[in-house]
Amino acid sequence: MSELTAGNVPEIVVETRNLTKIYRDFWGRQKVRALKALDLEIRRGEVFGLLGPNGSGKTTTIKLLLGLLFPTSGDIFVLGKPATDVGKNEKIGYLPEESYLYRFLNAEETLDFYGRLFNMSGPVRRQRIAQLISMVGLESARKRQLREYSKGMSRRIGLAQALINDPDLVLLDEPTSGLDPIGTRNMKDLILDLKKRGKTVIMSSHLLADVQDVCDRIGILYQGELKELGRVEDLLKVSNETEIRASNLSETAKNKIIDIIKEDNAELVFSGHPTTTLEELFLRIIEESEARPGRRVRGGNKI
Amino acid sequence: MILEKEIPSFYDWLTGDWQRAVLELIFFRRINDNPGAILSWLLSIGTLLLAALIVGFVFCAVRYGLTGVFVPFGRAIRRGVENLTNVSFARTWAIARLAIQESIRRRIMILVVLFMLILLMAGWFLDRGSENAAELYMTFVMWSTTILVLILTLFLSSFSLPTDFKNKTIYSVVTKPVRSSELVFGRILGIAIVGTAMLLFMAIASYFFVTSELNHSHLLFERDLTPISVEAGEQSDNAKRLVFKGETQLNSGHRHLVDVFADGTVNVGVVNGHTHRITSEKVNEQTRYVVHNEQGTLQARVPVYGKLDFRSPEGLDTDKGINVGDEWDYRSFIGAGDEAAIYRFTGLQQSTFPQTDGNFKNGLPVEMTLGVFRTHKGNIERRITASLSVRNPKTGLQAEVMTFSTEEFVTKYVAIPWTFDGTPQVVQRRGRTTQKTPDGREESVFYSVPDDATASQERNDAQFSRRRTFDLFKDFVTDKGEMEIWLQCVDRQQYIGMARSDLYLRAADGSVGWNFVKGFYGIWMRMLMLTAFGVLFSTFLSGPVAMISTVGVMVAGFSKAFMIEIGLNKVLGGGPFESLLRIMTQQNMVVDLPKSFSTTFVQSADNVYSMFMRLLGQAIPPLSDYSVYDGAVVKGFSIPSYWLMNHTIMTLAYAVPLFIVAYLILSNREVAKS
């Protein structure tokens with residue numbers, strides 16, 4: 001592990017080595033190989049996205065990082081500590097796929113409960129609760145039991161509980177699912193705000209546009225294997241093609257587009273490699289993986 | 001009213017006959033019935049911890065393989081010790097608080113309403129006029145409270161964690177810096193607080209219910225009393241002269257006999273174990289009687305037990321009397337003649353006993369519940385007569401105090417007066433034993449019990465030959481506070497039966513309220529033990545299975561002795577497999593099975609089963625001890641205060657290891673494993 005740290009946070013926030021998880025049945029027989037030899041390093045201040053179709057191992061990875069599951073083999077270090085070490089949770093915030101919260105509590109009681117689990121003093125807890133409830137926009141529903149909450153409201157209170165301890169590492173499992181467009185926008189803004197404040201965010205999502213908007217790096221998992229890993233802009237860059245983008249171009253110029261751009265005194269806005277969308281990249285990797293199982297796909301290049 | 005199983009002293013309970021038990025353990029013998037709490041606990045917990053270590057090791061071996069098992073196993077144990085010693089009370093309290101909130105929000109208060117309804121309806125059906133009304137009412141409230149509280153904690157403890165797993169709410173808890181130890185302890189604490197609050201409410205409601213239901217008064221008017229004429233030779237102005245006799249009006253199914261004396265004092269007869277104080281006042285030339293509330297329905301007797309020996313028809317000491325063919329060998333019987341039941345008391349002090357008591361009237365209070373066995377019907381209306389004598393074990397001086405009629409199933413209250421007139425005699429106790437002669441033969445020899453009774457016999461004979469007035473404590477109680485009470489049957493060819501607990505001296509009563517508290521304390525301890533078991537099972541089983549397992553432990557806890565007996569192959573007819581073979585081949589339980597392959601097979605299977613049962617039997621807490629406690633309270637016996645400590649120690653001694661095992665299981669469980 002890296003010894004370089006900023007404050008108490010190590011430079012490498014998450015590190016997995018040869019991480020493998022096999023689900024077995026009661027008799028110890030192998031049921032599913034959920035994760036195969038995952039090597040991953042996530043650095044401080046990054047927003048990292050885990051992508052993959054259903055059953056690809058995204059949630060398993062997050063659960064392994066949190067210590068909710070034990071690895072079959074391999075090592076996991078989170079904030080410099082083994083994933084099974086409870087001490088690491090002091091600086092972690094986790095928003096589960098669905099809001100697994102106590103539905104008989106109201107919003108204030110929920111945050112109070114989780115605040116107590118961090119040994120927060122009464123005044124600090126109260127201040128934090130007020131701040132978070134206001135942040136997620138649940139002031140009017142703070143006294144209502146969670147059983148009366150809509151899905152979007154549940155997600156928002158779920159997010160508030162994940163941030164109760166002002167964590168250095170935030171794990172978000174499908175953070176925008178169940179949110180309306182405004183809620184989605186707010187969530188993305190929040191992630192970017194966390195990044196601005198130097199926090200590390202790991203998120204998994206099916207909503208590729210969301211990932212594309214906020215993530216610095218992404219990893220694409222398929223059937224438990226890491227198929228792609230890199231910076232979003234690098235991965236989306238198509239290196240064997242050139243794209244020229246222009247504006248105010250006349251009809252004549254369109255016919256002689258490359259030769260006469262300069263002669264026509266048109267403004268050259270962009271010249272470079274075109275980018276694909278994340279959705280295209282994602283689908284192509286899945287297609288490729290199905291066609292040639294076990295092979296790592298080269299980032300950004302059309303094959 | 002008797003307690004068949006008396007409450008042992010704290011030291012006896014703690015140590016028992018441990019030396020013998022250790023030897024029996026070493027030689028694989030059946031362990032005696034009283035190995036002491038410490039040894040029982042060591043056996044139970046030792047078994048449990050051993051089982052936990054084996055299970056843990058097997059789990060690790062399955063996960064990491066036999067070669068790689070030691071490192072993770074050692075790491076798990078080290079981490080376990082660290083986590084157990086670093087429990088944060090704030091986090092534990094947060095978890096406990098959550099359990100309390102959950103219980104309240106899930107409308108647990110319905111139980112309060114239910115309990116009140118049960119009490120209200122019980123008021124209609126319980127018979128206040130019953131001979132044992134106090135026992136009836138106390139049994140009812142203690143059982144209903146026990147059942148309700150145990151069911152409540154059973155559900156809460158068995159379903160609490162599994163519900164968290166099922167709803168995945170546990171995800172958002174264990175991803176906070178919460179140790180498994182805090183999670184388990186917090187759950188136990190929260191459920192215990194809820195259960196305690198409910199129990200407290202039920203105890204208070206029960207106390208007011210029992211006291212208000214049993215409390216009653218009677219009416220007494222002048223017309224209920226018959227004047228007694230002055231007898232010849234009696235002075236009419238004697239203040240202690242009986243002037244009226246009569247009965248109170250009927251209430252709660254009974255009336256009390258009333259004697260009114262010239263000085264206005266009123267004596268009230270004891271009915272169903274209670275009496276009333278009656279005062280009188282003159283209003284307009286008429287006497288108005290005020291019958292006050294009952295006294296003595298609820299009692300907290302403090303019995304002083306003696307050691308029971310018997311005297312055979314030949315006048316020799318024996319351990320047992322005659323067996324009259326009763327399968328229940330609790331009591332031994334004595335016939336008329338020289339036979340006697342001898343209760344020997346030690347450490348008696350006059351100050352221990354109430355000097356004046358409404359029921360006992362200036363004497364040493366004795367309560368007894370004797371059995372009766374008639375060999376011929378005789379006059380069925382007439383009860384069997386017995387005599388009660390006292391004897392000084394040092395001097396051998398004996399005097400008959402009274403004769404009385406015995407009645408089966410009825411507790412008799414008598415008082416041996418502090419001074420009384422009687423005819424002295426010196427009775428020597430003798431026993432017979434065998435000893436080896438120098439040439440190796442065995443011969444019967446007689447000995448005296450105790451030896452010093454004979455030393456001064458001649459002197460005593462001369463001193464005690466005439467009827468005179470005796471002082472009970474001066475003449476019959478030795479310096480060490482020893483005294484004997486002899487019971488003898490007077491009617492020929494009839495028998496009276498007794499056991500050690502059937503006769504006891506009654507020291508000054510304890511506080512009824514405090515005894516009530518102690519009774520509910522026993523229920524509380526049981527509830528805590530159940531909670532610990534429920535939470536333990538819920539760490540690795542689903543809710544319904546955890547609940548059934550907890551119920552199983554409770555049932556097994558009440559039949560621990562039987563389980564160990566099965567484990568030691570002491571049960572007639574063999575284990576389950578042999579019994580099955582006997583049923584199929586129609587062989588009765590006492591016949592030896594013929595030597596065959598099937599016999600060897602079933603007996604081998606039974607041996608494996610019995611080993612399992614022995615281990616299981618040792619690991620189960622001795623819950624039957626709690627029933628002694630209940631029995632004492634409902635029968636109106638005071639529970640010694642040290643017994644609270646016994647139960648606290650026993651509960652903690654099991655709850656703490658259960659907590660540790662629960663923690664170990666939870667911390668090694670994959671929370672998110674589907």
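How many bridges join strand 13 of chain B to strand 23 of chain B, and in which sense do the two strands run? In this predicted model, strand 13 and strand 23 (residues 494-498) of chain B are joined by four bridges and run antiparallel. One of the residue pairs involved is formed by Gly371(B), whose bridge partner in strand 23 of chain B is Gly497(B).

The two strands belong to an open sheet of three strands in chain B, in which the order is 10-23-13 and the pairing is antiparallel. Strand 10 (332-334) and strand 13 (371-374) of chain B are the edge strands of this sheet, each pairing on one side only. On average, and with direction ignored, neighbouring strands of the sheet are turned by 30° against each other.

A further set of pairings in chain B is centred on strand 12 (residues 363-368), which pairs in the antiparallel sense with strand 16 (residues 412-417) over six bridges and is joined to strand 24 (residues 503-507), again antiparallel, by three bridges. On the side of strand 16 of chain B, Gly363(B) stands opposite Pro417(B), whereas in strand 24 of chain B the bridge partner of Glu367(B) is Tyr504(B). Strand 12 of chain B is mostly covered, since six of its six residues are buried, that is, under 20% relative accessible area. In a regular strand, side chains alternate between the two faces of the sheet.

With regard to cysteines, the structure holds zero disulfides over all chains. A disulfide is a covalent bond between the sulfur atoms of two cysteines. Cys215(A) counts as buried because its relative accessibility is 7%, below the 20% limit that applies to buried residues. Cys489(B) is likewise buried, because its relative accessible area is 4%.

Internal space was also examined, and a search of the whole structure finds two cavities of 30 Å³ or more. The largest cavity holds about 70 Å³ of space. Its lining is drawn from chain B and comprises Arg128(B), Ser130(B), Ala133(B), Glu213(B), Leu214(B), His216(B), Ser252(B), His254(B), Asn272(B), His274(B) and Thr297(B). When these lining residues are sorted by class, seven are polar, two are nonpolar and two are charged. The nonpolar class includes Ala133(B) and Leu214(B), and the charged class includes Arg128(B) and Glu213(B).

Terms used. Residues numbered from 1 in each chain as written. Chains lettered and ligands numbered in written order. Predicted model: local features only at pLDDT ≥ 70, side-chain atom pairs only at ≥ 80, totals over all residues. Heavy atoms only, no water. 1 Å grid on protein atoms, 1.4 Å probe; cavity = no way out; pocket = protein on both sides within 12 Å on 5 of 7 lines; lining within 4 Å. Points joined across faces, edges and corners; volume = space filled by probe spheres on them. Disulfide = S-S within 2.5 Å. Buried < 20%, exposed > 50% of the residue type's maximum accessible area, 1.4 Å probe, protein only. Pairing = 2+ DSSP bridges. Axes fitted to C-alpha atoms, helices over the stretch in contact; angles between N-to-C directions.
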